[in-house]
Amino acid sequence: MVRKRGSRNRGFWFRKGRGWYVGNDKLLYDNGQHIKSADARQDAEKAYHAYMASTVPAGPVVQDFTIREVCREYLKEAKVKSSQQTYLLRRRLLFDFCEGKEGVHKGVGNLSVSDLIGLRVKQWLDAHNWNGSRRMAYQAVRRAFHYGKELGMIPDGQTLSLKAGVSRKRKAYFDKETEEKLCSVANRAMADVIRALICTGCRPGELARLEKRHISEVDGRMIWRFAPEEHKTGRKTGRDRVIRVPSEIANLVRHRLKWQSGSRVFLNSLSKPWTAESLKDAFTRLRRRLAKVGSALGPDQTLYACRHTYAKRQLGRGVGIEVLAAQMGNSRQVAWDHYGKDWDQQNDNADILWSGLD
């Protein structure tokens with residue numbers, strides 16, 4: 001029966017001869033006894049408020065996922081939608097973030113997603129010496145975080161309040177003397193890699209993946225061509241990556257093709273194909289050997305600095321930024337931002353600037 005509005009309709013009432021009720025439930029004293037006296041209105045009101053507080057519906061149950069579970073789900077998506085190089089890079093970075101590295105960082109994979117805050121990420125970033133790749137490391141974690149939110153694994157109100165920072169320009173390069181020292185300390189296989197990177201401007205990952213099918217000859221000149229799905233910017237541009245090879249490196253490749261039976265062109269000292277990761281590890285060992293003979297490299301002089309060395313030397317020869325961008329597989333703006341802005345025209349290119357004045 002629906003009760004009328006009035007002083008008696010307060011959500012609880014007295015049933016004559018039976019006691020105080022709310023709905024069909026009895027109102028109870030603190031000791032659990034039913035309140036039956038008609039004069040115990042205050043006790044009944046107190047019991048009513050306690051009853052209502054105890055019957056507030058609970059919110060939806062949210063499963064508490066771990067950071068490792070979020071990263072695994074993101075990597076499944078990245079394997080399908082990203083290039084192989086990008087996927088492998090993010091897999092390596094997220095594995096380090098979750099599992100840690102002995103003596104550097106203990107990993108946070110076992111923590112719940114509620115612990116995925118900017119401080120955790122900053123502690124991980126600060127524990128490593130990224131040599132210019134700190135921004136990429138942060139982006140890997142941030143992409144996994146946002147994908148976890150899309151899947152409902154991370155609450156909507158949770159944020160990752162940490163900025164990636166500005167991407168640093170590529171300034172490190174190798175002069176002729178340093179190049180010769182590197183090649184003299186390296187074994188034959190690694191020395192070939194260093195010379196090929198400096199002479200062509202290709203990325204280490206491109207050199208590692210180079211196969212016979214990528215090579216063609218046009219009027220006696222060698223070209224390496226990678227399909228859009230095989231290089232870094234192909235998914236964005238939809239264009240082939242074309243690398244024009246100088247005669248020195250072309251002769252080296254032709255010589256290798258004569259005695260190598262596999263499809264890969266550049267092999268390590270054990271005659272196994274290089275990978276981007278094995279090249280990085282080999283250069284780290286080379287850096288240590290060079291330091292032992294008193295020629296330590298700067299922290300930014302990584303294997304990727306070979307690409308900047310190519311750019312700097314091309315600019316020094318008078319090559320324009322538009323041509324350089326085409327040679328390196330970049331847009332004109334990217335080539336200018338990374339390689340052209342800090343080029344000292346007056347000192348680095350003095351001979352070119354005198355041309356045509358006499």
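This briefing walks through two small sheets, a helix pair, a pocket and a cavity. Keep in mind that the structure is a predicted model. One open three-stranded sheet has the order E1-E2-E3, and another has the order E4-E5-E6. The second largest pocket takes up about 310 Å³, while the largest cavity holds about 30 Å³. Helices H6 and H7, which cross at roughly 150°, both help to line that pocket.

**Sheet E1-E2-E3**

- Let's start with the sheet whose strands run in the order E1-E2-E3: it is open, and its pairing is antiparallel.
- Strands E1 (13-15) and E3 (25-26) are the edge strands, and each has a single partner, so one side of each has no neighbour in the sheet.
- E1 and E2 run antiparallel and are joined by three bridges.
- On the other side of the pairing list, E2 (residues 19-22) and E3 are antiparallel over two bridges.
- Tyrosine 21 is a handy landmark: tryptophan 13 stands opposite this E2 residue, and lysine 26 in E3 is a bridge partner of tyrosine 21 as well.
- The E1-E2 hairpin has three residues between its strands, and glycine 17 there takes a positive phi near 80°.
- The E2-E3 hairpin has two residues between its strands, with glycine 23 at a positive phi near 65°.

**Sheet E4-E5-E6**

- The second sheet to look at is also open, with three strands in the order E4-E5-E6 and antiparallel pairing.
- Its edges are E4 and E6; each has a single partner strand, so one side of each is left open within the sheet.
- Ignoring direction, neighbouring strands of this sheet are turned by 30° against each other on average.
- E4 (residues 215-218) pairs with E5 (residues 221-226) in the antiparallel sense over four bridges, and serine 216 has isoleucine 223 in E5 as its bridge partner.
- Two residues sit between the strands of the E4-E5 hairpin, where aspartate 219 has a positive phi near 55°.
- E5 and E6 run antiparallel too, joined by five bridges.
- For orientation along that pairing, phenylalanine 226 stands opposite arginine 241 in E6, and methionine 222 has valine 245 in E6 as its bridge partner.

**Helices H6 and H7**

- The axes of H6 and H7 come within 8 Å of each other and cross at roughly 150°.
- Since angles over 145 degrees count as roughly antiparallel, that crossing makes H6 roughly antiparallel to H7.
- On the H6 side, the contact is made by Glu179, Glu180, Leu182 and Cys183.
- Their counterparts in H7 are Ala191, Ile194, Arg195 and Ile198.
- By class, the contact of H6 with H7 has five nonpolar residues, three charged ones and no polar ones.

**The second largest pocket**

- What is the volume of the second largest pocket? The figure is about 310 Å³.
- Its lining counts 18 residues, and those nearest the centre are Ile198, Cys199, Pro246, Tyr310 and Arg317.
- Ile198 turns up twice in this story, lying among the residues nearest the pocket centre and also meeting H6 from its place in H7.
- Two or more lining residues come from each of H6 (176-185), H7 (188-200), strand E6 (241-245) and H12 (305-316).
- So the pocket brings in E6, an edge strand of its sheet, alongside helices including the H6 and H7 pair.
- If you're thinking about the chemistry of the lining, the split is eight charged, seven nonpolar and three polar residues.

**The largest cavity**

- How many cavities of 30 Å³ or more are there? The count comes to one.
- About 30 Å³ of space lies inside the largest cavity.
- Lining the largest cavity are Ile67, Val70, Cys71, Phe97, Leu116, Val141, Ala144 and Phe145.
- Helices H2 (67-81) and H5 (134-150) each supply at least two of these lining residues.
- The class split for this cavity lining is eight nonpolar residues, with no polar and no charged ones.

How values were computed
Residues are numbered from 1 along each chain as its sequence is written. This is a predicted model: local features need pLDDT of at least 70, side-chain atom pairs count only at pLDDT 80 or more; totals for chains, interfaces and linings use all residues. Side-chain values use heavy atoms; hydrogens and water are left out. On a 1 Å grid over the protein atoms alone, a cavity is a set of points where a 1.4 Å probe fits but cannot get out, and a pocket is an open set with protein on both sides within 12 Å along at least five of seven lines; lining residues have an atom within 4 Å of a point. Grid points are joined across faces, edges and corners, and a volume is the space filled by probe spheres set on the points. Ala, Val, Leu, Ile, Met, Phe, Trp, Tyr, Cys and Pro count as nonpolar, Asp, Glu, Lys and Arg as charged, and the others, Gly among them, as polar. Axes are lines fitted to C-alpha atoms, for helices over the stretch in contact, and angles run from 0 to 180 degrees between N-to-C directions. Angles under 35 degrees count as roughly parallel, over 145 as roughly antiparallel, 65 to 115 as roughly perpendicular and the rest as oblique. Contact means heavy atoms within 4.5 Å. Two strands pair if DSSP finds at least two bridges between them.
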